[in-house]
Amino acid sequence: MRSDMARLRCGKTIPLLGMGTYCPKKDQESTISAVHQAIKIGYRHFDTAKIYGSEEALGTALGQAISCGSVQREDIFVTSKLWSSDHHDPISALTQTLNYLVHWPIKLKPGVSEPVPKEDEFEKDLGIEETWQGMERCLEMGLCRSIGVSNFSSKKIYDLLDFASVSPSVNQVEMHPLWRQSKLREVCEENKIHVSGYSPLGAPGNCWGSTAVIEHPVIKSIALRHNATPAQVALRWGMSKRASVIVKSFNGTRMRENKRALEIKLDDQDLLLIDQLEEWKLMRGDFLVNQTTSPYKSIEQLWDNEI
C-alpha cells in the first residue's frame, strides 16, 4: 500500500492528506473553484458536512471533474457527517453522501440547522444506539461505503462497540501537536478504527481556532531544521501517527505547500520534542453544554474527562 494512504477496517483506503471544505459564507462558487484547484494539485480526499454548507458545491465540482476525465471516481474519498438534528432518520438525511460520520454525540430536535443550537433545541435522550442502527442500514443499502463517528471519546467508542453490529471505520477528532489524542489513538488502534484529525494546524482564522500550533517555537525550530514550514511539520506529525489530516485552505499556493508535507521525514528527536509539548484543546464544544436541556452538564462530561 502507498505510504500516503491508510487502510480502513472495511477494506477501503483513505488518503492521509485531505482537504476540508467548511464554507461559513456558503460561497458555492469559491468552493467549486477551490475543489477543482485541489484536484489538479493532487488531492483525492475531501471532507464536508451538512452543517458546513459545502456538500452541494463539493458534489458539483467532483461531478464536473469526473465527467471531464480529470479524475476517476474510484480514486476519490469523500467524507460527510450526519448532523445532530438528523439522528432520528439517517437514511433520509443521506442523499448526496458517500462516506458517513456521526458529527457529534448529541441529538438535536429535527430541523435544527445552525451550528450552535439554542437551549430548547436539544433532545435529552442521546439515542446513539438507534442512530447507529440507522447508519448500519445506510451501509447495508449501499448508500455509503463506510460509516464512522466524529468527536467520540474513548468511553463513547467503547459504549458504541458494546451494541454495534458494524464497528466504526473512522473517528474524526481534533488532533494536532498541541492536542495529540494519545489515549484515544491507542483505543482506536486496538479496535481497528482509523483516526482522522481535523484542525491539524490549530484552525488559525476560525473564531475558535488559534495560531498557537504554527507559531510554537518548537514547531518552528523543527521546520527550520528540515527546510520546511511549521504547517508542513504539523501535518507530517499527524500523518506520522497514521492518522489522516484534514486541512482547509482555498488558496492554491497553500494547498501545494500543505501537500508537500508528504515529503517531509520527521525523526525520533522531532517526535520526542513534540510529545513533550503542553497540550491545549481548542474545539471544546461549550455550545453543547447547558444545565437544563443538554445531556451534558459540563465540558468534562461531554468528553468523559479526556480534556
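**Threonine 293, isoleucine 128, helix 9 and the largest pocket**

Threonine 293 touches Glu119, Phe122, Glu123 and Lys124, leaving out residues up to four places away in sequence. The model in which these contacts occur is a predicted one. Threonine 293 itself sits in a loop, the one between helix 10 (268-275) and helix 11 (299-302). With glutamate 119 there is also a polar contact: the side chain of threonine 293 comes to 2.4 Å from the backbone oxygen of that residue.

Isoleucine 128 belongs to helix 4, which covers residues 128-140. Is isoleucine 128 buried or exposed? Its relative accessibility is 16%, and the limit for a buried residue is under 20%, so isoleucine 128 counts as buried. Its contacts, with neighbours within four places in sequence set aside, are His87, Pro105, Phe152, Leu160 and Phe163. Lysine 156 gives a further reference point: 28 residues separate it from isoleucine 128 in sequence, and the C-alpha to C-alpha distance between the two is 9.7 Å.

The next element to look at is helix 9, made up of residues 252-259. At its N-terminal end, asparagine 251 acts as a cap, with a side-chain oxygen 2.9 Å from the backbone nitrogen of threonine 253. Which residues of helix 9 are buried? They are Gly252, Met255 and Asn258. These three lie on the same side of the helix because the arc they cover around the axis is only 120°. Thr253 and Arg254, on the other side of helix 9, are exposed. The buried residues pack against two strands and two helices: strand 3 (17-20) and strand 10 (244-247), together with helix 1 (28-41) and helix 8 (230-240).

Helix 9 also has a part in the largest pocket. This pocket has a volume of about 1100 Å³. It is lined by 38 residues, and those closest to its centre are Tyr22, Ser199, Ala203, Asn206 and Trp208. Which element supplies the largest share of the lining? Helix 9 does, with three residues. Helix 8, strand 10 and helix 9 each provide at least two lining residues; helix 8 and strand 10 are also among the elements that the buried residues of helix 9 pack against. By residue class, the lining of the largest pocket consists of 22 nonpolar, 11 polar and five charged residues.

How values were computed:
Residues numbered from 1 in each chain as written. Predicted model: local features only at pLDDT ≥ 70, side-chain atom pairs only at ≥ 80, totals over all residues. Heavy atoms only, no water. Buried < 20%, exposed > 50% of the residue type's maximum accessible area, 1.4 Å probe, protein only. Helix = DSSP H or I, 4+ residues; strand = E, 2+ residues; numbered from the N terminus. Arc of directions from axis to C-beta. Contact = heavy atoms within 4.5 Å. Polar contact = N/O pair within 3.5 Å; in protein donor to acceptor, adjacent residues only side chain to side chain. 1 Å grid on protein atoms, 1.4 Å probe; cavity = no way out; pocket = protein on both sides within 12 Å on 5 of 7 lines; lining within 4 Å. Points joined across faces, edges and corners; volume = space filled by probe spheres on them. Nonpolar A, V, L, I, M, F, W, Y, C, P; charged D, E, K, R; others polar.
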